[in-house]
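Subject: Structure for your review

Dear colleague,

Please find below the structure that I am handing over to you. I would be grateful if you kept it open while reading the notes that come after it.

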Amino acid sequence: MDSNNEIVHDFAPFLRIYKDGRIERLLGTATVPPSDPDPQTGVSSKDIVIFPSTGVSARLYLPKPPTTPQRLPILVYFHGGGFCIETAFSATYHPFLNSLAADASLLIISVDYRRAPEHPIPAAYDDSWAAIQWVISHASGGSAATDVIDPWLTEHGDFSRLMVAGDSAGANIAHHMAMRAKGSDLSIESAVLIHPFFWGVEPIGKEPKEPAHRGMVGAMWKLVCPSSSGCDDPLLDPTAEGAPSLKEVACGRVLVCVAEMDMLRDRGWKYHDALASSGWEGVVEMMESEGENHVFYLFNRMCENAQELMKRVATFLNGEGGGRPLL
């Protein structure tokens with residue numbers, strides 16, 4: 001047997017790394033083209049390379065224009081996948097973001113940040129921050145960092161209503177973007193964290209306690225962030241001792257969504273409670289989907305709980321709160 005085909009790191013069902021350095025991604029490899037427009041929602045989409053120097057790109061979603069022209073709120077979205085699988089062009093995300101753009105009447109920029117392990121953290125955070133800066137630069141005619149200017153943003157975007165959202169690793173990114181915005185000239189209206197990928201050293205709630213299971217999560221984190229101290233890293237555990245205060249979250253409203261059967265569920269609740277008690281001056285809301293597992297709505301979009309989650313997220317992003325949490 002060719003020794004180069006020897007597996008040196010097996011992170012199934014996400015990816016495997018071989019002795020010769022080859023990386024085999026096991027999920028999130030299927031992509032779909034943009035729609036012009038999508039036959040179900042009427043949403044148009046297109047792909048654009050934002051920064052040719054790094055290859056950072058995005059898929060943009062524009063809802064069917066209303067009868068009366070109006071500027072649309074802007075949502076910058078970060079896909080999940082453990083920082084190492086899926087893309088902004090994935091078959092997993094395209095139907096979901098088409099529906100979200102239509103239901104919430106949003107101009108969505110889904111960021112295709114560089115993935116680990118080829119580009120370890122902080123690449124995903126840096127690329128995502130650069131993409132937000134690129135979006136908001138359209139309000140003043142473009143950015144010195146890139147010559148790329150998109151007419152959908154200049155013609156349809158309401159730059160006074162900038163929001164961020166993501167699921168799993170993307171929700172982790174959305175949180176850190178709201179933290180980075182503190183002290184900048186960015187004004188983020190709202191953030192939505194769906195099934196956020198947060199973790200920690202010691203188990204809480206119903207998290208698995210087995211060393212082998214927790215070690216697998218820790219090893220995966222070290223793969224994507226080799227410079228990390230481990231599961232006590234504030235990038236992974238924003239409530240860890242010594243982590244920056246959640247008072248620094250620089251947006252006015254946050255919605256945290258969790259799923260009852262998701263092993264990350266208790267971390268989402270811990271983040272919600274820590275944010276609410278931190279002295280932060282915004283409003284944080286919570287939604288829990290009964291009987292569901294991690295990012296279930298991406299794979300079973302027509303089920304009742306997925307429809308409820310979509311409705312709650314769309315309502316929240318439209319500036320309406322106070323809905324009844326699904327507990």
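The following paragraphs set out what was found, from the whole chain down to single residues.

Please bear in mind that this is a predicted model.

Overall form

The protein chain contains seven helices and 11 strands. Its C-alpha trace spans about 60 × 50 × 40 Å along the principal axes. A compact globule of 327 residues would have a radius of gyration near 20 Å, and the 19 Å of the protein chain agrees with this. Of the 327 residues, 54% are buried. Among contacts with a separation of 6 or more, 71% join residues that are 24 or more positions apart. The chain exposes about 14,000 Å², of which carbon and sulfur atoms supply 52%. As for charge, there are 26 positive and 41 negative charges, and the mean positions of these two groups are 1 Å apart.

Helix α1

How many of the 11 residues of helix α1 are buried? Eight of them are, so the helix, which covers residues 94-104, is mostly covered. Its buried residues include Phe96, Leu97, Leu100 and Ala101. Together, the buried residues of α1 pack against five strands and one helix, namely β4 (44-51), β5 (56-62), β6 (72-78), β7 (107-112), β9 (188-194) and α7 (304-317). After α1 comes serine 105, with a positive phi near 55 degrees.

The nonpolar cores

The largest nonpolar core has 72 residues. Phe78, Phe83, Ile109, Ile132, Val249 and Val254 have the most contacts inside this core. Apart from it lies another core, of 31 residues, with Tyr61, Leu97, Ala101 and Val192 among them. To take one residue of the largest core, isoleucine 109 touches Ala58, Arg59, Leu60, Ile74, Leu75, Val76, Tyr77, Val135 and Leu153, when residues up to four places away in sequence are not counted.

The loop between β6 and α1

Two residues of this loop deserve your attention. Phenylalanine 83 is found in the loop between β6 and α1, and glutamate 86 lies there as well. Neither is a glycine, yet phi is positive, at about 70 degrees, for phenylalanine 83 and for glutamate 86. Is phenylalanine 83 buried or exposed? Phenylalanine 83 counts as buried because its relative accessibility is 1%, and the cut-off for buried is under 20%. Glutamate 86 is also buried, with a relative accessible area of 8%.

Two further buried residues

Aspartate 266 has its place in helix α6 (residues 265-276). With a relative accessible area of 12%, aspartate 266 is buried. Its contacts, leaving aside neighbours within four places in sequence, are Ile204, Gly205, Lys206 and Glu207. Phenylalanine 51 lies in strand β4 and is buried too, at a relative accessible area of 10%. Between phenylalanine 51 and glycine 242 there are 34 Å in space, C-alpha to C-alpha, and the two are 191 residues apart in sequence.

Cis peptide bonds

Which residues does the cis peptide bond with omega of about 10 degrees join? It joins alanine 12 and proline 13, and proline 13 is found in the loop between β1 (7-11) and β2 (15-18). A cis bond also runs from alanine 116 to proline 117, with omega near 0 degrees. Proline 117 is found in the loop between β7 and α2 (123-137).

Yours sincerely,
A colleague

Note on methods
Residues are numbered from 1 along each chain as its sequence is written. This is a predicted model: local features need pLDDT of at least 70, side-chain atom pairs count only at pLDDT 80 or more; totals for chains, interfaces and linings use all residues. Side-chain values use heavy atoms; hydrogens and water are left out. Helices (H or I, at least four residues) and strands (E, at least two) are DSSP runs, numbered from the N terminus. The radius of gyration is taken over C-alpha atoms; the globule rule is 2.2 Å times the number of residues to the power 0.38. Buried means under 20% relative accessible area, exposed over 50%, partly exposed in between (1.4 Å probe, protein chains only). Contact means heavy atoms within 4.5 Å. Accessible areas come from the Shrake-Rupley method with a 1.4 Å probe; for residues, only the protein chains shown count as cover. Lys and Arg count as positive and Asp and Glu as negative; His and the chain ends are not counted. The place of a charge is taken as NZ of Lys, CZ of Arg, CG of Asp or CD of Glu. A nonpolar core is a set of buried Ala, Val, Leu, Ile, Met, Phe, Trp, Tyr and Cys residues joined through side-chain atoms within 4.5 Å.
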